[in-house]
Amino acid sequence: MEDLRVGVAGFGAIGRSIASQLAQGVEGIRLAAVGVRNPDAPPEFDWQGRTPPRFVLLEELEPHCDIVIECAPAHLLPRIATPFLKAGKKVVSLSSGALLGHPELVDLARAHNGQILVPSGAILGLDAILAAAEGTIQSVKMTSRKPLKGFVGAPFLEKRNIDVMSLKEPTLIFSGTAREAASGFPANLNVAVSVSLAGVGPDKTLLEVWADPGLERNTHHIEVVSDSALLSMEIQNIPSENPKTGRITAQSAIALLRKLRAPLSVGT
Ligand SMILES: NC(=O)C1=CN([C@@H]2O[C@H](COP(=O)(O)OP(=O)(O)OC[C@H]3O[C@@H](n4cnc5c(N)ncnc54)[C@H](O)[C@@H]3O)[C@@H](O)[C@H]2O)C=CC1
Ligand SMILES: O=C([O-])CC(=O)C(=O)O
């Protein structure tokens, strides 16, 4: 079998971590291209002795890749995904929150036999929630807590003139649905949207968000009540070089890539 040619769209915390793991060598998988703003000035990176991938604009990735990992700011998802879906290829979407505003991408995937894959990213339990959704889920409730700097720049807070960095004690800053969270915190709560897509949808998945000055890890707790199982799950993520983003997110994308090529595939 030929190597799977992977494109990485966005070379920030997640993109760099994926590139670093692929540079160390993952069987059957090759980093073919990286989408950046200015391909003429490729970013400095330690390619660990390997030939660097090609650097292109986001919309130029498709001809060079069999699959793209979208790990750029949320508003760029359609620009990255559209050429791949039109070509019947796969898009791994980390900015899952952006899918809610772009249902046409799912239609495009359907029309061209493409596929949008939402990996676990920074959350846990999507496999069990998917299985529970094959029966009846009564409720999905999430509580997310992050250190203050993880929330800087969130539109929900800026609109209300909330200076999150001045908080002195754990504070409930949002309570609502996953859909509302996706628009108010586009760089923070993709996890809630991923959970909602696996379970009862973005309008029925309920979420509380706490900003906590004493916290070091991005923590997400999920409670699911269903007719097959009660789920109670928590993940405490060590932030990556981007304080909004857990380190495990990039590892989840690598695990998904391995699964695409593996003779033994574990998990739903
Ligand atoms: N699904 C999940 O569980 C999680 C999803 N995320 C999401 O994944 C995405 C990426 O996260 P990070 O890597 O932490 O973000 P980041 O901010 O570290 O990296 C984004 C990169 O995209 C680049 N970029 C911006 N505009 C561009 C353009 N026009 N062309 C090419 N590159 C451009 C930036 O320069 C930056 O290098 C975000 O949307 C984030 O919210 C993050 C954590 C968990
Ligand atoms: O890393 C996390 O804790 C989750 C996150 O940023 C997201 O869902 O966008």
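This is a conversation between a visitor and a guide about a predicted model.

Visitor: How do you know which parts of the model may be discussed, and how are they named?

Guide: Because this is a predicted model, local features need pLDDT of at least 70 and side-chain atom pairs count only at pLDDT 80 or more, while totals for chains, interfaces and linings use all residues. Residues are numbered from 1 along each chain as its sequence is written, and chains are lettered from A and ligands numbered from 1 in the order in which they are written.

Visitor: Why is G15 called buried or exposed?

Guide: A residue is buried if 20 or more other C-beta atoms lie within 10 Å of its own, exposed if 12 or fewer, and partly exposed in between, with the C-beta atoms placed from the backbone. G15 has 23 C-beta neighbours inside 10 Å, and therefore G15 counts as buried. G15 sits in helix α1, where helices (H or I, at least four residues) and strands (E, at least two) are DSSP runs, numbered from the N terminus.

Visitor: What does G15 touch?

Guide: Two residues are in contact if their C-beta atoms, placed from the backbone, lie within 7 Å. Not counting residues up to four places away in sequence, G15 touches V8, G10, V34 and C71. As for P43, which is 28 residues apart from G15 along the chain, the two C-alpha atoms are separated by 12 Å.

Visitor: What makes α1 mostly covered?

Guide: Eight of the 11 residues of α1 are buried, namely A13, I14, G15, R16, S17, I18, A19 and L22. What covers these buried residues includes β1, β2, β4 and α8. Just after α1 comes G25, which takes a positive phi of about 100°.

Visitor: How do you know that the span of α8 is close to what is expected?

Guide: The expected span of a helix is 1.5 Å times one less than its number of residues. Helix α8 (residues 248–261) has 14 residues, and from its first C-alpha to its last it reaches 20 Å, which is close to the 20 Å expected.

Visitor: Which residues of α8 are buried, and why are they said to lie on the same side?

Guide: The buried residues of α8 are T249, A250, S252, A253 and L257. They cover an arc of only 155° around the axis, so they are on the same side of α8; the arc is that of the directions from the helix axis to the C-beta atoms. In general, an α-helix has 3.6 residues a turn, so residues three or four places apart point the same way. What covers the buried residues of α8 includes β1 (4–9), α1 (13–23), β2 (29–35), β4 (67–70) and β5 (90–93).

Visitor: Why is Q48 called buried or exposed, and what about N161?

Guide: Q48 has 10 C-beta neighbours inside 10 Å and therefore counts as exposed, and N161, with 6 such neighbours, also counts as exposed. Q48 is in the loop between β2 and β3 (54–56), and N161 is in the loop between α5 (155–159) and β8 (171–177). Although Q48 is not a glycine, it has a positive phi of about 50°; N161, not a glycine either, has a positive phi of about 55°.

Visitor: Why is V140 called buried or exposed?

Guide: V140 has 26 C-beta neighbours inside 10 Å, so V140 counts as buried. V140 belongs to strand β7 (residues 137–146), and, leaving aside neighbours within four places in sequence, V140 is in contact with V195, G199, V200, T205, I222 and V224.

Visitor: What makes a residue part of the shell around ligand 1, and which come nearest?

Guide: A residue is near a molecule if its C-beta atom, placed from the backbone, lies within 6 Å of it. Of the 29 residues around ligand 1, those that come nearest are G10, G12, I14, G121 and T245. The elements that give two or more residues to this shell are α1 and α7 (190–198). The shell draws at least three residues from each of domain 1 (4–121 + 248–260) and domain 2 (126–236), whose bounds come from an automatic or database domain assignment.

Visitor: How many residues does each domain give to the contact between domain 1 and domain 2?

Guide: The centres of domain 1 and domain 2, taken over C-alpha atoms, are separated by 25 Å. The contact takes nine residues from domain 1 and 12 residues from domain 2.
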